[in-house]
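Open the model in your viewer and keep the selection panel at hand. We will take a short walk through it, one selection at a time.

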Amino acid sequence: MTASDPERRMQFLFQLRSRGVTDRRVLDAMERIDRGDFVRGTFADRAYEDMPLPIHCGQTISQPSVVGLMTQALAVTARDKVLEIGAGSGYQAAILSQLARRVYSVERHRRLALSAQSAIEALGIANVTVLAADGSRGLPDQAPFDRILVTAAAEDPPGPLLAQLRIGGIMVLPVGQSDHVQRLIKVTRTEDGFDYDELRAVRFVPLIEGMGEE
Ligand code: SAH
């Protein structure tokens, strides 16, 4: 956020805190990364409101408080290699870059993957790679991951993503049908299997198999 606008910044952070984002490291990361750099055109002046906004290819940049709550639930440490499914604008990946060692973010629309990568590079962030690929298969070449964050809703946690989570690792994802209220869940991989915690109701665009048209 631009330093010239301290009031906007205060309000943005206040909204996040009042909606339950209390982790200092997450708040610091969200203060450093300006959401305005990831929202273009008509909606740019609404970048600091706590609402999802349209981006290209019929997709959305998530609501900031949901980005904060998901990032908080992921409990990222500085040693972690993180996989995000659904790069969209690149905003969530940029936040993760501040907390993790390495971030891979997969996007099925090439156009979005390119613009997300360039928005991230323009900020001088060097530990994020955005790839145009079908994220429902994960990213086998770079697996296993310490943390996986899915920002599009599947009916159930995709098997390949569960398989690519390291033991002790955490995955946060929305599950449920796309035109219904979905549940945000946290999956922890243990020695013997997976533990599931339900976090809250959310609404995300659907996770769609295969590549997008543009
Ligand atoms: N995290 C994004 C918001 C993403 S919206 C941000 O910070 O802006 C969800 C994104 O998931 C959309 O861009 C959509 O194209 C993408 N998506 C849906 N299914 C996918 C799949 N199978 N693989 C990769 N990306 C997918």
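Start by selecting Ala75, which follows helix H3 and has a positive phi, near 45 degrees. Keep in mind along the way that this is a predicted model.

Now step back to H3 itself, residues 64-74. Is this helix largely enclosed or not, and why? Ten of its eleven residues are buried, so the rest of the structure largely encloses the helix. To see them, select Pro64, Ser65, Val66, Val67, Gly68, Leu69 and Met70, then add Thr71, Ala73 and Leu74. Buried here means under 20% relative accessible area.

Next, select the ligand, which sits in the largest pocket. Strand E2 (60-61), helix H4 (91-97) and strand E4 (102-107) are the elements that each give two or more residues to the shell around the ligand.

Show that shell: 26 residues surround the ligand, and those that come nearest are Glu84, Ser89, Glu107, Gly135 and Ile208. Colour the shell by class and you will find eleven nonpolar, eleven polar and four charged residues.

Which atoms of Gly135, Gln92 and Thr151 should you zoom in on? For Gly135, look at the backbone, where an N or O atom lies 2.7 Å from a nitrogen atom of the ligand. For Gln92, a polar backbone atom is 3.0 Å from a ligand oxygen atom. For Thr151, turn to the side chain: one of its polar atoms lies 3.1 Å from a nitrogen atom of the ligand.

Finally, switch on the surface. On its own the ligand has 590 Å² of accessible area, and the protein covers 99% of that.

Methods
Residues are numbered from 1 along each chain as its sequence is written. This is a predicted model: local features need pLDDT of at least 70, side-chain atom pairs count only at pLDDT 80 or more; totals for chains, interfaces and linings use all residues. Side-chain values use heavy atoms; hydrogens and water are left out. A residue is near a molecule or strand if one of its heavy atoms lies within 4 Å of it. A polar contact is a pair of N or O atoms within 3.5 Å; within protein, one must be able to donate a hydrogen and the other to accept it, and residues adjacent in sequence count only if both atoms are side-chain atoms. Accessible areas come from the Shrake-Rupley method with a 1.4 Å probe; for residues, only the protein chains shown count as cover. On a 1 Å grid over the protein atoms alone, a cavity is a set of points where a 1.4 Å probe fits but cannot get out, and a pocket is an open set with protein on both sides within 12 Å along at least five of seven lines; lining residues have an atom within 4 Å of a point. A molecule sits in a cavity or pocket if more than half of its atoms lie within 2 Å of its grid points. Helices (H or I, at least four residues) and strands (E, at least two) are DSSP runs, numbered from the N terminus. Ala, Val, Leu, Ile, Met, Phe, Trp, Tyr, Cys and Pro count as nonpolar, Asp, Glu, Lys and Arg as charged, and the others, Gly among them, as polar. Buried means under 20% relative accessible area, exposed over 50%, partly exposed in between (1.4 Å probe, protein chains only).
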